[in-house]
Amino acid sequence: MDAAAVGFLERIGFNGVQGNLVMYLSGPMGMSTAAAAAGANAWGGTVLVLTLVGALAADSRLGRYRAIVAAGVLHLLVSSLLPIPTCKLVNYQHLKHLSMS
């Protein structure tokens, strides 16, 4: 795949997640729109800065393959731990109308 196509798809994914994050934080999580936008902007800025930090660590200390493994393990850890606090915040009362009984 062309490098330009990869960059384009990465931008679409990043902006899509950031937009959906605002909708999720202001909807199910009950945050105000301003607070949700501030949270999404903080997430976006953190992602962009940590990309530079990861690149510097990979180039100067870890090497290419160890950096990829470390990033994969970190991604797996965060992806598995992230839903835990959300499960406690979900209000299941609005799902009563979906029951079959």
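This is a guided tour of a predicted model of one protein chain, moving from the whole chain to single residues.

**The whole chain**

Begin with the entire chain selected and shown as a cartoon, where you will find 4 helices and 0 strands, following the pattern α-α-α-α along the sequence. If you then switch on the surface, you are looking at about 8200 Å² of exposed area, of which carbon and sulfur atoms supply 72%. Of the 101 residues in the chain, 8% count as buried, and several stops below visit such residues.

**Helix 1**

Select residues 3–26, which make up helix 1. This helix has 24 residues, and the distance from its first C-alpha to its last is 35 Å, close to the 34 Å expected at 1.5 Å a residue. At the start of the helix, show the side chain of Asp 2, where an oxygen reaches to within 2.7 Å of the backbone nitrogen of Ala 4.

Next, select Met 1, Val 6, Phe 8, Leu 9 and Ile 12 together, since these residues form a nonpolar patch on the surface, with about 560 Å² of accessible area between them. Leu 9, a member of this patch, has a relative accessible area of 47%, and because this value falls between the limits of 20% and 50%, Leu 9 is described as partly exposed.

Now show Glu 10 and Arg 11, which form a salt bridge whose closest N and O atoms are 3.1 Å apart. Side chains of opposite charge can pair in this way when their charged atoms come close. The structure holds 1 salt bridge, and both of its partners are partly exposed, Glu 10 with a relative accessible area of 41% and Arg 11 with 35%.

Which residues of helix 1 are buried? Select Phe 14, Gln 18 and Leu 25 to see them, and then add helix 2 (33–62) to the view, as this helix is part of what covers them. Gln 18 deserves a stop of its own: its relative accessible area is 17%, and because buried means under 20%, Gln 18 counts as buried. Leaving aside neighbours within four places in sequence, the residues in contact with Gln 18 are Ala 40, Asn 41, Trp 43 and Gly 44.

**Helix 2**

Keep helix 2 selected and follow its 30 residues from the first C-alpha to the last, a reach of 40 Å that is close to the 44 Å expected at 1.5 Å a residue. The buried residues here are Ala 36, Ala 40, Gly 44 and Ala 58, and what covers them includes helix 1 and helix 3. Two of these, Ala 40 and Gly 44, were already met as contacts of Gln 18.

Move on to Ala 55, which also lies in helix 2 but counts as partly exposed, at 36% relative accessibility. If you measure from its C-alpha atom to that of Ala 67, which is 12 residues away along the chain, you should find a separation of 8.6 Å. Just after helix 2, select Gly 63, where the backbone takes a positive phi of about 95 degrees.

**Helix 3**

Finally, select residues 64–81, the 18 residues of helix 3, which should span 26 Å at 1.5 Å a residue, and whose end C-alpha atoms are indeed 26 Å apart. Is this helix largely covered or largely in the open? The number of its residues that are buried is 1, so helix 3 lies largely in the open.

Terms used. Residues are numbered from 1 along each chain as its sequence is written. This is a predicted model: local features need pLDDT of at least 70, side-chain atom pairs count only at pLDDT 80 or more; totals for chains, interfaces and linings use all residues. Side-chain values use heavy atoms; hydrogens and water are left out. Patches are made of residues with over 30% relative accessible area and no salt bridge: like charges are joined within 9 Å, nonpolar side chains (Val, Leu, Ile, Met, Phe, Trp, Tyr) within 5 Å. Accessible areas come from the Shrake-Rupley method with a 1.4 Å probe; for residues, only the protein chains shown count as cover. A salt bridge is a side-chain nitrogen of Lys or Arg within 4 Å of a carboxyl oxygen of Asp or Glu. Helices (H or I, at least four residues) and strands (E, at least two) are DSSP runs, numbered from the N terminus. Buried means under 20% relative accessible area, exposed over 50%, partly exposed in between (1.4 Å probe, protein chains only). The expected span of a helix is 1.5 Å times one less than its number of residues. Contact means heavy atoms within 4.5 Å. A polar contact is a pair of N or O atoms within 3.5 Å; within protein, one must be able to donate a hydrogen and the other to accept it, and residues adjacent in sequence count only if both atoms are side-chain atoms.
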